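Me: I'm new to this one and I'd like to know what the labels rest on. Could you walk me through it?

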Amino acid sequence: MLEQLFKLGENKTNVRTELVAGLTTFLTMAYIIFVNPDILKAAGMPFGAVFAATCVAAAIGCFLMAFLANYPIALAPGMGLNAYFAFTVVGGMKFSWQVALGCVFLSGVIFFIISVLPIREWIVNAIPRSLKMAIAAGIGLFLALIALKNAGIVVAHPATLISHGDLTSFPVVMATLGFVLIVALEYRRIMGGVIIGILAVTIVAIAAGKQKFAGIFDVPPSIAPVFLQMDLAGALNVGLLTVIFAFLFVDLFDNTGTLIALAHRGGFMRPDGTVPRLNRALIADSGAAMIGAAVGTSTTTSYIESASGINAGGKTGLTAAVVGVLFILALFVAPLAGSIPSYATAPALLYVACLMTRGLIEVQWDDITEAAPAVITALAMPFTFSIAEGIAFGFISYAGIKVATGRFGDIHPAVGILAVLFVVKYVIIG
């Protein structure tokens, strides 16, 4: 049956290799089952229900990728968009988390439509590479600010806006040591380095009496408080169009970039540079985003951590299916998830931020008309505490600078149209 489903022989792999690859991928991305509910609880969402939703959404996403596209690529709620969901849409714009879930669902619907139609390639090819890389880096800086805040390293200040907190406090010291441990483990290619770091800080905190231990295993918490709670009518508010666009835009480019990178890493790419079954993979991704919103979590997306399983020999959807099964089994460690303090997940956020920020190296620094908009895009995200604002500032500055320097030919029609729409949005809505 597995041979018929995943064509193991044709792809020169076997069940044992795929099982090992699936376990490897799961261990490198399992931190999300602890980090995602910790972030979304800031939006007022119940921790236990979001924990369950995270596991279920990740499992469904993995199964979709496994059976629709037959790729060894795992999915789960994405880092960056969960922070944007909690801290910007809900925390900053004061919309309910139900409305935010509605925005995620609608962005998934649009993503599905453009994945089926040839619109996707036109949009992806329209955006300058420097802006694409800057958006990834900006999300990294956004995550870094949240990580430093959760650790207590960065605090609010009435005069300077931000300042450092008590650097000798227990949370700050533990978060710092956790980050160093994660980086050291990842440098030495220790499988599951991020989750080891999270658990190590948690164990020390419990041993020191700074955190209560709720146990490890129990029946899964109810998903009912967040299941099918999305407010689609509220999400259709004109003021939320930018939010829906931000979810869509980041998901689209993150997914396309991740899929291409993993296809190249795994040797799935054709000689002409095209990726077989790319549309199926994107349909699986967009379907996972819609289902994830319905289940009760922020945007579900492909994980670059899947590269670890590909390096371990994973070549088919069986790898992704194994990851999906492991996410289902993870439902039974809810007490452990509830025992992990925010300063234990902060190092994981900061580590992911470091990986995302390296995208700035791809910016054309020798061309100021490319570099300046990229810098504005990346800096605007943490400084405005919004991914959407960073994207908008990036498009406006890119088009404006190209016009001012007479380089009209560099502006793709899609970029120009979006820049104008963003200006209109600020003038009319604010």
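Reply: Sure. Let's start with Lys-402, which counts as buried at 0% relative accessibility. Keep in mind that this is a predicted model.

Me: What makes Lys-402 "buried"?

Reply: The label needs a relative accessible area under 20%. Lys-402 has 0%, so buried is the right word.

Me: And how do you know that Lys-402 and Asp-410 form a salt bridge?

Reply: Their side chains meet at 3.0 Å, N to O. The rule asks for a Lys or Arg side-chain nitrogen within 4 Å of an Asp or Glu carboxyl oxygen, so this pair qualifies. Asp-410 itself is partly exposed, at 33%. Through shared partners, salt bridges join Asp-367, Glu-370, Lys-402, Arg-407 and Asp-410 into one network.

Me: Why is Asp-367 called buried while Arg-407 is called partly exposed?

Reply: Asp-367 has 14% relative accessibility, so it falls under the 20% limit. Arg-407 has 32%, and partly exposed covers what lies between 20% and 50%, so that label fits. These two also form a salt bridge, with the closest N and O atoms 3.0 Å apart. The pair links distant parts of the chain: Asp-367 is in the loop between α17 and α18, and Arg-407 is in the loop between α19 and α20, 40 residues apart.

Me: What makes Arg-129 and Glu-362 a salt bridge?

Reply: Their closest N and O atoms are 3.3 Å apart. The cut-off is 4 Å, so they pass. Arg-129 belongs to helix α8, whereas Glu-362 sits in the loop between α17 and α18, 233 residues away. By this rule there are six salt bridges in total.

Me: How do you know that Arg-189 is exposed?

Reply: Exposed means over 50%, and Arg-189 has a relative accessible area of 75%, so it clears the bar. Its place is in the loop between α9 and α10, and it has a positive phi of about 60 degrees although it isn't a glycine. Most residues other than glycine have a negative phi.

Me: What makes Leu-228 exposed?

Reply: At 52% relative accessibility, Leu-228 is over 50%, so it counts as exposed. Leu-228 lies in the loop between α10 and α11, with a positive phi of about 55 degrees.

Me: Why are β2 and β3 called paired strands?

Reply: Pairing takes at least two bridges, and four join β2 to β3, so they are paired. They run antiparallel, and a hairpin joins them through three residues.

Technical notes
Residues are numbered from 1 along each chain as its sequence is written. This is a predicted model: local features need pLDDT of at least 70, side-chain atom pairs count only at pLDDT 80 or more; totals for chains, interfaces and linings use all residues. Side-chain values use heavy atoms; hydrogens and water are left out. Buried means under 20% relative accessible area, exposed over 50%, partly exposed in between (1.4 Å probe, protein chains only).
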